[in-house]
Amino acid sequence: VSEANRALVAQINREGIDLYNRSLFDDAITCFERARTLFPKHAGIQLNIVQALIGKVKAGDPDVRVKLAAEEGLALIASLIDEGHSQYARYKKLQSMMEKS
């Protein structure tokens, strides 16, 4: 993976987080999905997408496909990481948030 790609992903990720923080969930998801095209198995990017999807659900998005996409994202993340992974605690937190929504 090139340094240029890493820098691009970091920039896209920062932009997506800013959009998420402003509750612009669809725009945030679009950003994170751009980053995912470069790093399809990057757990942090996958978690960002799931977090934005959960944000949409919590904001009252009635589309059941949003919740299903979040659940599918969590299942994918579960296949990518284990308890020793640095993102595992975040994964468990998002999993708990999803169960409560």
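Which residue forms a salt bridge with arginine 6, and how far apart are the closest N and O atoms? The first close-up takes that up; the model is a predicted one throughout.

**Figure 1. Arginine 6 and glutamate 3 pair up in a salt bridge.** The partner of arginine 6 is glutamate 3, with the closest N and O atoms 3.8 Å apart. That value falls inside the cut-off, because a salt bridge here asks for a side-chain nitrogen of Lys or Arg within 4 Å of a carboxyl oxygen of Asp or Glu. Both residues sit in helix H1 (residues 3–21), and being 3 residues apart there puts about one helical turn between them. How open is each end of the pair, exposed or partly exposed? Arginine 6 has 43% relative accessibility and counts as partly exposed. Glutamate 3 has 60% and counts as exposed. Side chains of opposite charge can pair when their charged atoms come close. In total, the model has 6 salt bridges by this rule.

**Figure 2. Lysine 56 reaches aspartate 26 through a salt bridge.** Here the closest N and O atoms are 2.5 Å apart. The pair ties together distant parts of the chain: lysine 56 belongs to helix H3 (residues 43–58) and aspartate 26 to helix H2 (residues 25–38), with their positions 30 residues apart. On the accessibility side, lysine 56 comes in at 13% and counts as buried, while aspartate 26 has a relative accessible area of 47% and is partly exposed. The label on lysine 56 follows from the threshold, since buried means under 20% relative accessible area.

**Figure 3. A salt bridge also joins lysine 56 to aspartate 61.** The N to O distance for these two side chains is 3.3 Å. Aspartate 61 is partly exposed, with a relative accessible area of 27%. Salt bridges that share partners gather Asp26, Lys56 and Asp61 into one network. What else does lysine 56 touch, once residues up to four places away in sequence are set aside? Its contacts are Phe25, Asp26, Ile29, Asp61 and Val66. So the two aspartates of the network turn up in the contact list of lysine 56 too, as fits a contact rule of heavy atoms within 4.5 Å.

**Figure 4. Valine 50 is a buried residue of helix H3.** Relative accessibility drops to 1% at valine 50. Leaving out residues up to four places away in sequence, valine 50 touches Ala70, Gly73, Leu74, Ile77 and Leu94. For one of these, leucine 74, there is a backbone distance to go with the contact: the C-alpha atoms of valine 50 and leucine 74 are 6.9 Å apart, although the two residues are 24 places apart along the chain.

**Figure 5. Leucine 94 is a buried residue of helix H5.** Helix H5 covers residues 88–100, and leucine 94 within that helix has 2% relative accessibility. Which residues does leucine 94 contact, neighbours within four places in sequence aside? They are Leu47, Val50, Gln51, Ile54 and Leu74. Valine 50 from the previous view is one of them, and leucine 74 is in contact with valine 50 as well as with leucine 94. As a backbone yardstick, the C-alpha atoms of leucine 94 and asparagine 48 are separated by 9.9 Å, with their positions 46 residues apart along the chain.

**Figure 6. Stepping back, the protein is built from 5 helices and 0 strands.** From the N terminus on, the elements read α-α-α-α-α. The C-alpha atoms fill a box of roughly 40 × 30 × 20 Å along the principal axes. The radius of gyration is 13 Å, in agreement with the value near 13 Å for a compact globule of 101 residues. Of those 101 residues, 36% count as buried. Among contacts between residues at least 6 apart in sequence, 53% join residues at least 24 apart. The accessible surface comes to about 6,000 Å², and 51% of that belongs to carbon and sulfur atoms. As for charge, the mean positions of the 14 positive and 13 negative charges are 3 Å apart.

Conventions
Residues numbered from 1 in each chain as written. Predicted model: local features only at pLDDT ≥ 70, side-chain atom pairs only at ≥ 80, totals over all residues. Heavy atoms only, no water. Helix = DSSP H or I, 4+ residues; strand = E, 2+ residues; numbered from the N terminus. Buried < 20%, exposed > 50% of the residue type's maximum accessible area, 1.4 Å probe, protein only. Rg over C-alpha atoms; globule rule 2.2 N^0.38 Å. Areas by Shrake-Rupley, 256 points an atom, 1.4 Å probe, with all protein chains shown as cover. Lys, Arg positive; Asp, Glu negative; His and termini not counted. Charge placed at Lys NZ, Arg CZ, Asp CG, Glu CD.
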